[in-house]
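The exercises below are meant to be worked with the sequence and the structure side by side. Try each task before reading its solution.

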Amino acid sequence: MLFNSLDFALFLPLAFLLYWFVFAPMGLKVQNGFVLVASYIFYGWWDWRFLFLIALSSLVDFVVGLKLSRTTHTHARKRLLSISLITNLGLLFIFKYYGFFADSLASAFYSIGVQLSLPTLKIILPVGISFYTFQTLSYTIDVYREQLKPTDDAISFFAYVSFFPQLVAGPIERASFLLPQFFKERRFDQRKATEGCRQMLWGLFKKVVVADTCGAYSDAIFDRYGELSSPLLIFGSVMFAVQIYGDFSGYSDVAIGLSKLFGFELKDNFKYPYFSRDIAEFWRRWHISLSTWFRDYLYIPLGGSRGGTASSIRNVFAIFLVSGFWHGANWTFIIWGLLNALYFLPLMLGGKNRRFLGEIAEGRTLPGVAEALAIAQTFALTCLAWIFFRADTISIAVDYLQGVFSLDHLSQTRELLNSLGIGKRALAMVGLKCAVLFGLEWYNRASSFGLAIGRWPTPARWATYYAFIFWILKDFGNERAFIYFQF
Amino acid sequence: MTNFLKKIGLMLLPILAMASFNLSIDPQMLFNKKPLRHVVQELEGRETAECYSDFDERVFKKMLLQSPRFQNVDILVLGSSRAMTINGDAFPGKTVLNLAVSGATLEDLLALWQLAQERIQYRELIIGLDPWILNPEHGDVRWKSLVADYNEALKKLQSDSQPATDKSLWRSKIKEIFSPLYFKDSLMALSKGKASLLGVRQDGSVIYRSAPPPEKETGAPIYKMSPFPKLKKSYKKDLDLWLKLLSKSDKPVIIWLPPFRPDTYERLESESDYAMFREARLFLRTECERFQFTTLGSYNPSALQLETQDFRDEIHLKPEAVAEQMTEVREALDQREAEGAVSPPENPL
């Protein structure tokens, strides 16, 4: 079920009322049971057949967790951890990466003159598999490390793994943070719920109004990149940058806001990444739940930056390449990861990767010139990398990049823009949407989301709510899926 | 909690008010079919009826087919808005029923043909064939008003295409009710009062009452032709099955290719964005030849000696130009009749 769909518009009020009025008085276990059922309905709405994968992942990690608590033998514990890792990563491999490996292997053999025919699996990628796999893995790894006590409450655990607000596109919540919330009685908190509604509204605005508009333009430009001029190609990559941000952070905002409505807290997943002053700061602000997951379960176990320079470099490459590969079984994502590693490395080697830990332009309305230039530079580097992320193949990305630096078709830019269906009005509208998005985010950058307007006078606040609601309804045309569903 | 729910209720109140207003005005007759029935009834006793708003043409044509006047017709017309102005005047002495609908997709053509098969007797069929009927990205869901008839047509063709549901049509309709743009339409419909947008003739053809739409910006995408990434396989297959079935019937079929305005055609011919137009044209041409249909008209206006002034907009001929084009069609039909290929209409009684 999409957050931006009619189905969800009916599902949400029904689930909310049942949750608080019918199941909450019946006790925590029943309420958690309802969360589980609601989550499975939410996921099964897309394709019920893949529910068994979530159930299997949950079951394996639940049992492994219990068994880990009953043994102190290192070998037995390692074996149990391996069972979880093999099951979860195995499912991920089969459903997400098998085709990629089979094709790459076949191509490699073909290049040395050997025809290799590997069996193909005609299966679709289960939505959100990378998210819930990492979420459930975090539980087993934490239990294995004895940083978390395993639970014997199957319903709560299954509900934690499939918690519908963040099931299909995160934030990836650690068991140590989210699972204990299933064990505490949840009382309706009006302040929290109101804030949740505001954050949901903001998330839907980012997705429906901004991301989908920018997405239509970036799609049109990436589809015809070969015949477009440099300014249009730059515009296309900027549009994609805004689209992916609005889309993904919009989903996170809706997920976090929705959780608040049901009495849960989720961690922030984005902290205004496009205001970052360097790439290191960008990665502390972009998809935080994934970056910190890789930091804690991959980078630090590999030694982090504690070893020598060579091992630090290796670890940086490892984390960025794996992060790229996590997004999809395509070389384009790997190159995207590689580019980010290359951006990050000089900062780390120069000891400058933790320069910007504080708020941007703290105590000031606008950034200084140097700050603004740093933000622009970081954004430009990010847009460049997004070209690889968006392109279907590396050769397309390379051709696109060549186009960015080419002078071909320059004089036809206006005609080409028209041929894409982007007139002056459309340009003004997309400019306005981006200005509202980034303007409000800049204004509220000390808060956790752009529409944190709780302190505004009531008339201004309500006028803003209505403006956003009607804007969303106006643009609520296609129910375009969130980009990160595919990961 | 009560306080919170009250606030949410208050927040939703204007939205519900807007939706109620939209529903009550319903400028495009999404839910309220009464005005459509009224138009159909009016046509029983008059030559033309006036439409004061956009309406569901599919449902209107379906209603027309229920009229006893059309139990037997000489000529049945199928096609898009580009064929909607074909009327009985072009075929003196013959009864015409025009079932063309705006933006007709293959689904529309099949559904309306199926309905006609089921409900009436006709002697000759004119199909206005548009290249976009093979476009998988036509993005039109209006045909879903006839979803059951489309599914029935697929059965008749023994097609292996998946039967469709009208889920997305309902979604679109509900979304419209909650849309501020529809609210704007409702307001405009209310303020406009009784200004006719379209005249409908007894034979189902239309008469334009409003001015042509404003010219699009230079280079703007051509209606339904962009994006056009490929020819949809299932459309090709279903079209093939349909034409095959039609070719076996004893009722003559004329395929009419409605022309594009010269500048539009030039773009379709030269721009890479419209490569699939060329593919579609080739496919349609091959199919028509294969089944030996009389194919008249041309997408190319110069082949018909048409100029820019003959067009109402980038894709529509002016009604008088359509009438002129029909001369050739009439002659072809007359010739077929003279050859004795046309069987008399069967007496339903």
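**Exercise 1.** In this predicted model, which residues of the largest nonpolar core touch the most other members?

*Solution.* Begin with the core as a whole, which has 124 residues, and then look for the members that touch the most others: these are Tyr160(A), Ile221(A), Phe344(A) and Phe388(A). Next, ask which element supplies the largest share, and you arrive at helix 8 (residues 190-223) of chain A, with 17 residues. Then place the core with respect to the domains: domain 1 (6-187) and domain 2 (192-277 + 356-486) of chain A both give residues to this core, so it lies between them. Finally, take Phe344(A) and set aside its neighbours within four places in sequence; the residues in contact with Phe344(A) are then Ile279(A), Ala280(A), Trp283(A), Val316(A), Phe320(A) and Asn353(A). Another core, of 80 residues, lies apart from the largest one and includes Val39(B), Leu306(B), Val322(B) and Leu333(B).

**Exercise 2.** Find the order of the strands in the open sheet of 5 strands in chain B, and say which helices lie across strand 4 of chain B.

*Solution.* Following the pairing, which is parallel, gives the order 3-2-4-7-8. The edges are strand 3 (96-98) and strand 8 (294-297) of chain B, since each pairs on one side only. At one edge, strand 2 (residues 72-78) of chain B is joined to strand 3 of chain B by 3 bridges, and Leu76(B) stands opposite Leu97(B) in strand 3 of chain B. Turning to the helices, helix 4 (residues 106-119) of chain B lies across strand 2 and strand 4 (121-128) of chain B, at about 175° to strand 2 of chain B. Helix 11 (residues 319-338) of chain B lies across strand 4, strand 7 (253-257) and strand 8 of chain B, at about 160° to strand 8 of chain B.

**Exercise 3.** How many residues of chain A are in contact with chain B, and which helix of chain A gives the most to that side?

*Solution.* Counting on each side, 20 residues of chain A are in contact with 20 residues of chain B. Helix 1 (6-23), helix 8, helix 16 (413-419) and helix 18 (458-475) of chain A each supply at least two residues of the side that touches chain B. Of the helices, helix 18 of chain A gives the most, with 6 residues. Sorted by character, the residues on this side of chain A are 10 nonpolar, 6 polar and 4 charged.

Methods:
Residues numbered from 1 in each chain as written. Chains lettered and ligands numbered in written order. Predicted model: local features only at pLDDT ≥ 70, side-chain atom pairs only at ≥ 80, totals over all residues. Core = buried A, V, L, I, M, F, W, Y, C linked by C-beta atoms within 7 Å. Buried ≥ 20, exposed ≤ 12 C-beta atoms within 10 Å, placed from the backbone. Helix = DSSP H or I, 4+ residues; strand = E, 2+ residues; numbered from the N terminus. Domains from an automatic or database assignment. Contact = placed C-beta atoms within 7 Å. Nonpolar A, V, L, I, M, F, W, Y, C, P; charged D, E, K, R; others polar. Pairing = 2+ DSSP bridges. Axes fitted to C-alpha atoms, helices over the stretch in contact; angles between N-to-C directions.
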